[in-house]
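I set out to record, entry by entry, what I looked up in this structure. The entries follow the order in which I consulted it.

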Amino acid sequence: MKKTNIIYWVSTGIFGLLMLFSAVPDVVSSPDAVKFMVQLGYPQYFIPFIGVMKVLGVLAILVPLPARLKEWAYAGLAFDLLGAIYSIIGSGLANAQMVFMLAFILPGIVSYTYFLKRTAAGV
């Protein structure tokens, strides 16, 4: 169980930090975030909303909450990442640098997998 906890917390910490770093520019509507999101076709009012939702999702996976709420947070963060990939491809901005998205997706998958293991073990 100790190994499971370590893997869970390390992957969750990495995933949380990555999502938080991507959320902050959206929350404050930085010029780069606005430019990028407008290129993807999103309205400007959507930018701080998605940023705040990412911050809330990160908080939900890091703090002690009922498993059902954590499930919803993981789902929301996954939808955000999948939606970002879909939007980039759909807007024609896709390039080889999109492989970087794996840096976000892989820790999320590991975190969720070990969340399920911890939940099944009653932790």
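**Entry 1: a lysine and its partners**

I began with K54, which counts as buried at 8% relative accessibility. The model is a predicted one, and I read every value below as computed from it.

I then asked which side chains K54 meets in a salt bridge. One partner is D26, with an N to O distance of 3.2 Å. D26 lies in helix α1 and K54 in helix α3, so this pair ties together parts that are 28 residues apart in sequence. The other partner is D80, where the N to O distance is 3.9 Å. This second pair also links distant parts of the chain, as K54 is in helix α3 and D80 in helix α4, 26 residues apart.

I checked the two acidic residues for exposure. D26 is buried, with a relative accessible area of 7%, and D80 is buried as well, at 16%. Both values fall under the 20% cut-off for buried. I noted as background that side chains of opposite charge can pair when their charged atoms come close.

How many salt bridges does the structure hold? I found 2. D26, K54 and D80 are linked by them in a network.

**Entry 2: helix α1**

I next followed helix α1, which covers residues 2-27. The helix has 26 residues and reaches 36 Å from its first C-alpha to its last, close to the 38 Å expected at 1.5 Å a residue. After α1 comes S29, and I noted that its phi is positive, near 50 degrees.

Which residues of α1 are buried? I listed T4, Y8, S11, T12, F15, G16, M19, A23 and D26. An α-helix has 3.6 residues a turn, so residues three or four places apart point the same way. I then looked for what covers the buried residues of α1, and the cover includes α2 (31-40), α3, α4 (67-91) and α5.

V10 is also found in α1, but V10 counts as partly exposed, at 48% relative accessibility. I looked up its distance to P107: the two are 97 residues apart in sequence, yet their C-alpha atoms are 8.8 Å apart in space.

**Entry 3: a serine in α5**

I turned to S111, which lies in helix α5, residues 102-120. Is S111 buried or exposed? S111 counts as buried, because its relative accessibility is 0%. Leaving aside neighbours within four places in sequence, I found S111 in contact with Y8, S11, T12 and Y74. Of these contacts, I had already entered Y8, S11 and T12 among the buried residues of α1.

**Entry 4: a nonpolar patch on the surface**

Lastly I looked at the surface. Which residues make the nonpolar patch there? V24, V27, V28, F49, V52, M53, L56 and L59 make it, and its area is about 670 Å². Helices α1 and α3 (46-62) each supply at least two of the patch residues. Helix α3 gives the most, with 5 residues.

I took F49 as one example from the patch. F49 is found in helix α3, and F49 is partly exposed, with a relative accessible area of 45%. Helix α3 thus appears twice in my entries: K54 in α3 is paired with D26 in α1, and α3 also supplies residues to the nonpolar patch.

Definitions and conventions. Residues are numbered from 1 along each chain as its sequence is written. This is a predicted model: local features need pLDDT of at least 70, side-chain atom pairs count only at pLDDT 80 or more; totals for chains, interfaces and linings use all residues. Side-chain values use heavy atoms; hydrogens and water are left out. Helices (H or I, at least four residues) and strands (E, at least two) are DSSP runs, numbered from the N terminus. Buried means under 20% relative accessible area, exposed over 50%, partly exposed in between (1.4 Å probe, protein chains only). Contact means heavy atoms within 4.5 Å. Patches are made of residues with over 30% relative accessible area and no salt bridge: like charges are joined within 9 Å, nonpolar side chains (Val, Leu, Ile, Met, Phe, Trp, Tyr) within 5 Å. Accessible areas come from the Shrake-Rupley method with a 1.4 Å probe; for residues, only the protein chains shown count as cover. A salt bridge is a side-chain nitrogen of Lys or Arg within 4 Å of a carboxyl oxygen of Asp or Glu. The expected span of a helix is 1.5 Å times one less than its number of residues.
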